[in-house]
Amino acid sequence: MRHKVAGKKLHRSAGHRKALFRNLVTELMHHEKIVTTEAKAKAVRGLAEQMITLGKKGGLSNYRRALSVILDEKVAEKVFTELGPRYAARSSGFTRIIKL
């Protein structure tokens, strides 16, 4: 039984899953939309929300925390200069999943 077990494994090892999530979040922040499976989108949605929240807060420590997930420094800078201020008035719900 999977009682109180959070997250999806997606049939991958822990390292592969972490790399997949980091790649998806980086591409989502860079292009502001991605085409992927519904399961992957649902799994990475929380991490993307966290990155935008860090961008809203600003500061050096939050920038470094974002860089631990986002693979590209230019994308991390975009999160803090464009995406964070864009969603400053919204408390949550920065991402949405649209089925194709």
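This passage describes helix H1 of a predicted model and the two helices that pack against it.

Helix H1 covers residues 14-31. With 18 residues, H1 reaches 26 Å from its first C-alpha to its last, which is close to the 26 Å expected at 1.5 Å a residue. Eight names make up the buried set of this helix: Arg17, Leu20, Phe21, Leu24, Val25, Thr26, Leu28 and Met29. A short reminder helps in reading such a list: an α-helix has 3.6 residues a turn, so residues three or four places apart point the same way. The buried residues of H1 pack against two partners, helix H2 (38-57) and helix H4, and each partner can be taken in turn.

We may begin with H2. The axes of H1 and H2 come within 9 Å and cross at roughly 65°, and H1 passes H2 in a right-handed crossing. On the H1 side, the contact is made by Leu20, Phe21, Leu24, Val25, Leu28 and Met29. Facing them on H2 are Lys40, Ala43, Val44, Leu47, Ala48, Met51 and Ile52. Sorted by class, this contact has twelve nonpolar residues, one charged residue and no polar ones. The charged residue is Lys40 of H2.

The partner H4 spans residues 73-86. Here the axes of H1 and H4 come within 9 Å and cross at roughly 50°. The two helices are therefore oblique to each other, as an angle of this size lies between the 35 degrees below which helices count as roughly parallel and the 65 at which roughly perpendicular begins. H1 passes H4 in a left-handed crossing. H1 contributes Thr26, Met29 and His30 to this contact, while H4 contributes Val75, Lys78, Val79 and Leu83. By class, the contact of H1 with H4 has four nonpolar, two polar and one charged residues. Met29 of H1 appears in the contact with H4 and also in the contact with H2, and Met29 is among the buried residues of H1. Thr26, which takes part in the contact with H4, is likewise buried.

Beyond the end of the helix, the chain moves on towards H2. Just after H1, Glu32 takes a positive phi of about 65°. Val35 lies in the loop between H1 and H2. Is this valine buried or exposed? At 73% relative accessibility, Val35 counts as exposed, because the cut-off for that class is over 50%. Val35 and Ala19 are 16 residues apart in sequence, and their C-alpha atoms are 17 Å apart in space.

Methods
Residues numbered from 1 in each chain as written. Predicted model: local features only at pLDDT ≥ 70, side-chain atom pairs only at ≥ 80, totals over all residues. Heavy atoms only, no water. Axes fitted to C-alpha atoms, helices over the stretch in contact; angles between N-to-C directions. Helix = DSSP H or I, 4+ residues; strand = E, 2+ residues; numbered from the N terminus. Parallel < 35°, antiparallel > 145°, perpendicular 65-115°, else oblique. Left-handed = near helix turned anticlockwise from the far one by under 90°. Contact = heavy atoms within 4.5 Å. Expected span 1.5 Å × (residues − 1). Buried < 20%, exposed > 50% of the residue type's maximum accessible area, 1.4 Å probe, protein only.
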